[in-house]
Amino acid sequence: MIRNLTTNVLLAAFTVQLIFGTTLFAQQTENYVKYVNPLIGTQKMGHTYPGATVPFGSVQLSPDTDEQPYLIGGKYNRETYRYCAGYQYDDKEIVGFSHTHFSGTGHSDLGDFLVMPTVGDLQMTPGEKGDPKSGFRSTFSHENETAEPDYYKVLLEDDNIWAEMTATTRVGFHQYTFPRSEDAHIILDLMHGIYNYDDKNVWTFVRVENDHTVVGYRQTSGWARTRTVFFAMEFSKPFRSYGFKNFGKEDYKGFWRKFDQTKNFPEMAGRQIRAHFDFATGKDEKIKVKFALSPVSTAGALANMRAEIPHWDFERTKQEGQAAWNRELGKIAVTMLDEGETTNFYTAMYHAFISPTVYMDVDGQYKGLDQNVHSAKGFTNYTTFSLWDTYRALHPLFNIIQPKRNRDMVESMLAHYDQSAEHMLPVWSHYANENWCMIGYHSASVVADAIVTGNIAGAEANRALDAAVQTAKTKYYDGLEYYMNLGYVPEDKNSSSVSKTLEYAYDDWAIAQAAKKLGRTSIYTEFIKRSENWRNVYDPSVGYMRPKMSNGKFSANFDPLKTEGQGFIEGNAWNYSLYVPHDPEEMISLMGGKAAFTAHLDELFTMRLPDSFFAETEDITRDGIIGGYVHGNEPSHHVAYLYDWTNQSWKTQERVRMILKNQYHPTPDGLGGNDDCGQMSAWYLFTALGFYPVAPASDRYMLGSPAIKTAVLTLENGRKLTIEARDQSDKNVYVKKVMVNGRELNRDFLTYTDITNGGKIVFEMSDSHSK
């Protein structure tokens with residue numbers, strides 16, 4: 001029943017082999033993979049993971065170094081935040097290798113299907129941190145750890161087992177080198193998870209098909225409340241015995257009680273299950289495991305496995321995955337000032353090309369928000385849309401470097417819209433679920449940027465615009481009814497009101513730009529007026545954006561430095577008052593004009609923000625702060641570019657080069673904040689190239705100061721763009737002039753066509769600024 005492949009799947013298998021087969025071995029002049037260090041961001045706040053994944057892959061096979069419950073004694077456990085990606089560089093133990101992870105998030109889920117090899121007495125619990133002998137966890141050392149794109153290797157020291165990982169889009173591939181043992185085991189843990197709690201597993205199921213094939217699923221209710229993931233697991237060597245242990249409370253067992261389901265019984269179901277598969281191994285014997293995922297069924301998981309890895313050649317799969325990474329990384333070929341900066345650049349590209357993730361089987365099927373099975377026709381369906389973060393720079397980057405993928409991502413958002421009971425584009429979505437994290441309706445920005453730049457057009461563009469308009473008119477969403485009626489979100493009716501008002505206003509402006517591009521005059525008129533609502537929360541008496549109450553009065557007890565209870569989300573008035581990316585000129589005018597505003601920005605970068613003002617916000621730490629400027633979180637990412645609207649644009653050049661040096665390092669603690677599904681990395685990439693999209697959907701990329709010496713962008717339209725920074729050095733951070741295809745640029749921005757038409761952009765650098 002599950003062993004037969006349909007014609008469609010056979011065709012998919014052929015296609016996958018064509019893509020991941022011989023064509024990947026074409027000679028490339030540069031090995032970009034060697035410049036990537038996946039360990040960057042795994043220490044402190046980066047929340048990245050070091051394991052194996054391919055570009056935009058469904059599988060993220062990576063070590064988890066601890067199990068921290070979401071709740072302890074019914075209260076939030078702050079330690080769980082450190083394990084958003086499952087791995088913390090400072091830990092000394094590994095509990096196992098799970099197959100799904102977010103990259104760089106500040107909240108989490110996933111950690112599905114943890115696998116752990118052991119020898120000796122069978123232990124079915126991970127044990128206590130600091131006491132590896134108490135369970136199946138093991139000590140490890142970074143001296144015996146290797147992390148590369150699509151490859152991870154580590155020595156599990158307690159049992160002397162080498163563990164290696166690689167992956168394809170939908171399949172994780174394990175290779176374990178065992179010592180000689182009569183009691184070797186591979187544990188499959190369906191209880192383990194990230195941001196776990198006792199009742200997170202709604203149900204799990206495991207079925208043993210034969211002596212080397214196992215299938216099943218896990219249904220959870222966490223950040224995604226109706227999430228089901230199916231799996232197929234295949235061993236390179238038959239197991240000689242197996243068993244299960246159900247750690248959950250079973251009030252009703254039915255007539256299954258007549259069986260001993262713990263030993264060599266072919267299936268097990270329950271909420272808290274672990275399984276073990278037992279072997280005898282010779283010295284240095286390798287046992288391999290292929291572990292495929294599907295959003296639809298175990299049959300789909302098996303078909304994915306057959307299509308993507310129809311063999312047992314681990315090294316071949318690794319080489320194919322790294323070749324796929326090399327192609328993606330090679331889309332921007334750079335020379336930098338030193339090796340560390342080269343590592344920073346290509347690791348940023350690596351992190352930027354992890355999410356969003358493919359969410360469909362090889363035959364195009366996936367489970368939708370309506371919990372029905374759908375088929376992606378003519379596009380690749382994606383999930384993991386961290387849009388409050390990624391609308392700012394990641395999707396604009398894709399619109400240049402990955403336009404086909406970005407079109408598919410927009411199409412995926414429209415599929416989400418069609419399946420949504422709320423008839424809304426995604427806010428923050430993953431695995432057929434809207435999780436409603438953060439604020440705004442920033443999918444509208446992604447859609448609008450694609451429309452304004454011409455990446456989507458015609459009927460598709462009009463359909464996308466209509467979806468954005470409907471989303472922006474969903475009155476019961478997060479204070480929108482107040483916003484539409486009053487022109488602002490009142491703080492006494494809806495918290496984080498200032499942030500919401502400001503971000504809604506920008507999104508409305510983006511919708512207006514898309515409508516203008518498509519000739520939809522009535523929509524343009526309506527939304528360009530709404531985009532002015534940011535003015536309604538500016539208090540000229542204090543010079544900041546400030547929460548306003550439903551009676552029209554500004555709130556009392558206002559403190560522009562505090563982040564908690566002041567009407568802002570993950571920020572304060574100092575930073576959020578600068579969030580009018582679509583109308584900086586008017587914002588600067590309201591704040592006293594160019595000279596006063598320049599002094600205000602100068603103070604932001606040079607002030608000292610006491611720890612007490614962000615102590616209640618776990619997403620902000622000292623590591624991500626420069627003065628009062630918070631680079632470790634997204635609302636300020638455009639701020640250094642605001643000098644471009646003053647008479648001292650050279651300060652943008654000075655500030656961005658300083659931020660690059662201060663906030664990005666080629667070390668495990670090299671990120672000052674959560675990478676947030678690639679947004680922090682996308683900021684680096686744009687800024688290092690010399691320009692940044694302050695207001696996506698504006699068709700403008702504001703000039704900064706490039707950190708590259710040279711860059712060649714290979715575009716999907718067949719053209720190449722060469723960027724050169726002449727006289728580049730760490731001291732020469734100022735730009736004397738910019739030449740575009742031999743003509744001097746007389747403005748502070750590039751346009752989309754300046755970039756995508758190809759040609760050559762030259763920055764002439766200097767150690768002194770000019771007016």
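Here are some short exercises, each with a worked solution, on a predicted model of a single chain.

**Exercise 1. Find out how far the predictor trusts its own model, and where to be careful.**

Start with the whole chain: its pLDDT averages 95, and 96% of the residues score at least 70. Then look at residues 1-27, where the pLDDT is below 50. That stretch still has 34 contacts in the model beyond near neighbours in sequence. Where pLDDT is low, the predicted coordinates should not be read in detail. Treat those contacts over residues 1-27 with caution, then.

**Exercise 2. Work out how compact the chain is for its length.**

First, get a feel for what's there: the secondary structure comes to 18 helices and 38 strands. Next, compare two numbers. The radius of gyration is 26 Å, and the globule rule gives 28 Å for 771 residues; the two are close, so the chain is as compact as a globular protein of that length. Along the principal axes, the C-alpha atoms fill a box of roughly 80 × 60 × 50 Å. Two more values fill in the picture: 65% of the 771 residues count as buried, and residues 24 or more positions apart account for 70% of the contacts with a separation of 6 or more.

**Exercise 3. Check the length of helix α3, then see how covered it is.**

Helix α3 takes in residues 314-329, which makes 16 residues. At 1.5 Å a residue these should span 22 Å, and the end C-alpha atoms are 23 Å apart, which agrees. Now for cover: twelve of the 16 residues are buried, among them Phe 314, Trp 325 and Leu 329. Finally, look at the start of the helix, where a side-chain oxygen of Asp 313 comes within 3.3 Å of the backbone nitrogen of Glu 315.

**Exercise 4. Trace what surrounds Glu 328.**

Glu 328 sits in helix α3. Its relative accessible area is 7%, and the cut-off for buried is under 20%, so Glu 328 counts as buried. Who are its partners? Leaving aside neighbours within four places in sequence, Glu 328 contacts Pro 55, Met 349, Phe 353, Gln 402 and Arg 405. With Arg 405 there is also a side-chain polar contact of 3.3 Å.

Follow one partner further. Met 349 belongs to helix α4 (residues 339-352) and is buried at 0% relative accessibility. Beyond its neighbours within four places, Met 349 touches Glu 328, Leu 329, Ile 332 and Leu 685.

**Exercise 5. Repeat the length check on helix α11.**

Helix α11 covers residues 497-518, 22 residues in total. The expected span is 32 Å and the end C-alpha atoms are 31 Å apart, which agrees. Of those 22 residues, 19 are buried, so α11 is largely enclosed by the rest of the structure. Just after α11 comes Gly 519, with a positive phi of about 70 degrees.

**Exercise 6. Pick out some backbone oddities.**

Begin with the rule of thumb: most residues other than glycine have a negative phi, and most peptide bonds are trans. Now take the cases one by one.

- Tyr 431 has a positive phi near 50 degrees. Tyr 431 lies in the loop between β26 and α8 and is buried, at 10% relative accessible area.
- Asp 478 has a positive phi near 45 degrees. Asp 478 is in the loop between α9 and α10 and is partly exposed, at 23%.
- The peptide bond from Ser 355 to Pro 356 is cis, with omega near -10 degrees. Pro 356 lies in the loop between α4 and β21.

Definitions and conventions
Residues numbered from 1 in each chain as written. Heavy atoms only, no water. pLDDT = per-residue confidence, 0-100. Contact = heavy atoms within 4.5 Å. Helix = DSSP H or I, 4+ residues; strand = E, 2+ residues; numbered from the N terminus. Expected span 1.5 Å × (residues − 1). Buried < 20%, exposed > 50% of the residue type's maximum accessible area, 1.4 Å probe, protein only. Polar contact = N/O pair within 3.5 Å; in protein donor to acceptor, adjacent residues only side chain to side chain. Rg over C-alpha atoms; globule rule 2.2 N^0.38 Å.
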